[in-house]
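Got your viewer open? Here is a short tour, one selection at a time.

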Amino acid sequence: MQNSQLTHILFALSKKESRELRKWLVSPIHNQRSDVVQLYEYLTSGNRLEDDKSLEKERIFRKLYPKEAYDDARMRQVIHFLQESIENYLTFKKAAEDEILSKLYLAQSYRERKLMKLHDKIMKEIQQKQEFQPLLNDESMELRYLVEKEKSLQLSEKSRAVALNYQEMSDIAEMAFIAKKLKMACLMLSHQKIYKKDYDFGMLDALLDYLKTKEAILDTPFIKVYYHIYNLFRFPQEEEHFYEVKNNLRNYDYAFSNAEKSDLYLIAINYCIGRMNIGSKQFVREAFEFYQKGLEHSILLENGFLSPLNFRNIVSIGTTLKEFDWVSTFIEEYQQNLAPEYRENFVKFAMARLYFEQGDYDRAQDLLIQFDIDDILINLTAKTMLIRVYYEKDEFMALESLLDSMRAYINRKKMLAYHKMSFKELISASKRLIKIQFNDRKKIEILNSQITNSRILPSHMKEWFVEQLKKLRR
């Protein structure tokens, strides 16, 4: 059982869930088998889930049925019943988390049993709760449609002659569809941009044309934000869509859950980074402000953890803006929010970046030499910083060796063609740079032209190369 589905599920439960689950299992309405309870108690006692010997099926069987010979079919059966009971508990728990959905199920049960007074009472409670809940997202719109559908069935039960709420059902169904379609289009465009995958967007163009005639629908916060995000992806040069998204997220902050805001913030930040990479410097500050607000309101934390990529980007953007005190405080306060397996390397990388931008090349070099991580792009990013350190310190032999090792590393690693080309051009430009003699204007101008016309070098490296070539002209 060492690598079974059951042990994986049990590992994932919180302490509170484990306690609740035991109560669930001992209740006859949920489970009537004592061996299922015994198996659960055996597996969750001490550190048995981490001990391979304790998870041997023959050993467990002897604990459950001490007087019987091992029967694999019976062992598999009790495992199946325990997993099924746990899954029923998790399903119930998830349904109970949504108060409106739970009440809607209750209303349906009352209606099916012709308990219409109780049904009406629950429907009024649902309506009161919905009055205080904005339309957060496509899922909440779908839930509102289900409530309208239940109202329709409620009216039908009372009288055949009464007017039904079909218009309300149609309107909310339409809004749910528009919200889902726009959101899905944004996800497809985002994925397409990274993986170069072609998608069929179906009736999206017709939907966008329709929205031009229905301005009232675009006043719904969720739809309005995703409409402008879609335009961000389709027309990135039209920066007014970014500022619409920014303003809408500020004005309609109440209308989004933290999970939804996290996705929206990251989309806005990635747009800023894309604009930064082509030299739009004002977006460095925009990205920084999104990161600051995301941290301030815990929007960027997932289960208390900050992704290594966000940690690295925050440090990079903060140091680019020379916000050194803020970055230093950030590293100190948020390093504990990195998962343990990433913490040491990413803190080294962050401190190296901070020291480098402050001009402390020796301390930056000490940390970068120690940096070692499986992620290819982050490894190469660290080595790119080391290129600049060696050059600034006039350690050209070490730089030549580093460039050769980087080229060999890139050739043997599988990576996206764009990234491979970008780093190869970086290595080539670095090799040409260190061979240029002081005031060799012809070679300086040739390399300067190649650097400035490059479409694949990152903008911050293009700026660095141009700056070094300026120094060589003097």
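Which residues does Leu 182 touch, leaving out those up to four places away in sequence? Select Leu 182 and look around its side: you should find Leu 204, Leu 208, Leu 211, Ile 223, Tyr 226 and Tyr 227. Keep in mind as you click that this is a predicted model.

**The cores**

Leu 182 is a good place to start, as it is among the residues with the most contacts inside the largest nonpolar core. Add Ile 223, Phe 311, Phe 330 and Ile 331 to your selection, and you have the rest of that group. The core as a whole has 107 residues. Now colour helix H19, residues 376-392: with 10 residues, this helix gives the core its largest share. Apart from this core lies another one, of 26 residues. To find that second core, pick Ile 9, Leu 10, Tyr 65 and Leu 82, which are among its members.

**Rings meeting rings**

Next, show the aromatic side chains. The structure holds 24 aromatic pairs. Zoom in on Tyr 265 and Phe 290: their ring centres are 5.2 Å apart and their planes stand at 90°, so this pair is edge-to-face. Follow the chain from each ring and you reach two helices, with Tyr 265 in helix H13 (residues 258-277) and Phe 290 in helix H14 (residues 282-296). The two residues are 25 residues apart, and their pair links distant parts of the chain. Both Tyr 265 and Phe 290 are buried.

For a stacked pair, jump to Trp 326 and Phe 330, where the centres are 5.6 Å apart and the planes differ by 5°. These two sit 4 residues apart in helix H16 (residues 324-334), so about one helical turn separates them. Turn on a surface and compare their settings: Trp 326, at 24% relative accessibility, counts as partly exposed, while Phe 330, at 2%, counts as buried.

Which residues join Tyr 265 and Phe 290 in one aromatic cluster? Select Phe 242, Tyr 243, Tyr 271 and Phe 283 as well, and you have the cluster on screen.

**Charges over rings**

Go back to Tyr 65, one of the residues of the second core. Show Arg 74 too: it lies over the face of Tyr 65, at 3.9 Å from the ring centre. Then move to Tyr 199, where the charged end of Lys 197 sits over the ring, 5.6 Å from its centre.

**A stop at Ser 459**

Select Ser 459 in helix H23, residues 459-473. Is Ser 459 buried or exposed? At 13% relative accessibility, Ser 459 counts as buried. Show what surrounds this serine: Ser 459 touches Met 276, Asn 277, Ile 278 and Gly 279, not counting residues up to four places away in sequence. Try a distance label between the C-alpha atoms of Ser 459 and Met 276: they are 7.3 Å apart in space, although their positions lie 183 residues apart in sequence numbering.

**Last stop: the cysteines**

How many disulfides does a search of the whole structure find? The count is 0. Pick Cys 186 to see one case: the closest cysteine sulfur is in Cys 272, 16 Å away, which is too far for a bond. A disulfide would need the two sulfur atoms within 2.5 Å. As for their surroundings, Cys 186 counts as buried at 2% relative accessibility, and Cys 272 counts as buried at 0%.

Definitions and conventions. Residues are numbered from 1 along each chain as its sequence is written. This is a predicted model: local features need pLDDT of at least 70, side-chain atom pairs count only at pLDDT 80 or more; totals for chains, interfaces and linings use all residues. Side-chain values use heavy atoms; hydrogens and water are left out. A nonpolar core is a set of buried Ala, Val, Leu, Ile, Met, Phe, Trp, Tyr and Cys residues joined through side-chain atoms within 4.5 Å. Buried means under 20% relative accessible area, exposed over 50%, partly exposed in between (1.4 Å probe, protein chains only). Contact means heavy atoms within 4.5 Å. Rings of Phe, Tyr and Trp (its six-membered ring) pair if their centres lie within 6.5 Å; planes under 30 degrees apart count as stacked, over 60 as edge-to-face and the rest as tilted. A charge sits over a ring if NZ of Lys or CZ of Arg is within 6 Å of the ring centre and within 35 degrees of the ring normal.
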